[in-house]
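This briefing goes through one protein model, topic by topic. Please look over the sequence and the structure before reading on.

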Amino acid sequence: MKLIESPINRNLNLKTFYPNITQYLFDNVSIKYYKLYTLDRVQIIYVDTYDKIYLVMLDTKKKIKRTEVDMAIHRLLHTERDQVNVDVKMKQRMLDAGVKFSVARKDIVVVSMDAADSTGNVAS
């Protein structure tokens, strides 16, 4: 599996790329920065808020495998699965909340980690 950073050539915000997902997950949260990655056919949104770091993994064709989640955690967050929170039922929660997707999503997995854990420093 190859992890590739997708370049963003325009000055677009994250809400333009994924409007329903960002409104549900990051509606009232300040975002420090974000990056887009692809892991084979899985799209990964790396979102760094000031408190947490999120990996939002999206796939339109198939369920996201455990090995893909573990590889993204290891390569992007530089930690192990037991150090982060993995939410594999995010798609169902979004559907229950009434979110309508513009593009069909087969699976959505959200990985979150405290920002203090990624730097080794405690946030004040």
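Strand β4 is mostly covered, since seven of its eight residues are buried. The model is a predicted one, and the points below start from β4 and its partner strands, then turn to an aromatic pair and a pocket.

**The sheet**

- Six strands form an open sheet with antiparallel pairing, in the order β1-β2-β3-β4-β6-β5.
- The edges are held by β1 (3-6) and β5 (85-87); each has a single partner strand, so one side of each is left without a neighbour in the sheet.
- From one strand to the next, the twist averages 20°.

**β3 and β4**

- Strand β3 (residues 42-49) is joined to β4 by six bridges, and the two run antiparallel.
- A hairpin of two residues makes the connection from β3 to β4.
- Tyr 46 has Leu 55 in β4 as its bridge partner.

**β4 and β6**

- Strand β6 covers residues 107-114 and pairs with β4 over eight bridges, in the antiparallel sense.
- Ile 53 has Met 113 in β6 as its bridge partner.
- For Val 56, the bridge partner in β6 is Val 110.
- Met 57 has Val 109 of β6 opposite it.
- Like β4, where seven of eight residues are buried, β6 is mostly covered, with seven of its eight residues buried.

**β5 and β6**

- Three bridges connect β5 with β6, and these strands run antiparallel.
- Asn 85 is matched with Ser 112 in β6 as its bridge partner.

**The aromatic pair**

- The model has two aromatic pairs by the ring-distance rule.
- In the pair of Phe 26 and Tyr 54, the ring centres are 5.2 Å apart and the planes stand at 75°, so the pair is edge-to-face. The cut-off behind this step is that planes over 60 degrees apart count as edge-to-face.
- This pair links distant parts of the chain, because Phe 26 belongs to helix α2 and Tyr 54 to strand β4 (residues 52-59), with their positions 28 residues apart.
- Phe 26 and Tyr 54 are both buried.

**Thr 22**

- Thr 22 is found in helix α2.
- Is Thr 22 buried or exposed? Its relative accessible area is 8%, and buried means under 20%, so Thr 22 is buried.
- In sequence, Thr 22 and Met 57 are 35 residues apart; in space they are 13 Å apart, C-alpha to C-alpha.

**The largest pocket**

- The volume of the largest pocket is about 160 Å³.
- Its lining includes Thr 22 and Phe 26, along with Asn 13, Leu 14, Lys 15, Gln 23, Asp 27, Val 29, Ile 31, Lys 32, Tyr 33 and Tyr 34.
- Which elements give two or more residues to the lining of the largest pocket? They are α1 (14-17), α2 (19-26) and β2 (31-39).
- β2 supplies four residues, the largest share of this lining.
- By type, the lining residues divide into six nonpolar, three polar and three charged.

Notes. Residues numbered from 1 in each chain as written. Predicted model: local features only at pLDDT ≥ 70, side-chain atom pairs only at ≥ 80, totals over all residues. Heavy atoms only, no water. 1 Å grid on protein atoms, 1.4 Å probe; cavity = no way out; pocket = protein on both sides within 12 Å on 5 of 7 lines; lining within 4 Å. Points joined across faces, edges and corners; volume = space filled by probe spheres on them. Nonpolar A, V, L, I, M, F, W, Y, C, P; charged D, E, K, R; others polar. Phe/Tyr/Trp six-rings, centres within 6.5 Å; stacked < 30°, edge-to-face > 60°. Buried < 20%, exposed > 50% of the residue type's maximum accessible area, 1.4 Å probe, protein only. Pairing = 2+ DSSP bridges. Axes fitted to C-alpha atoms, helices over the stretch in contact; angles between N-to-C directions.
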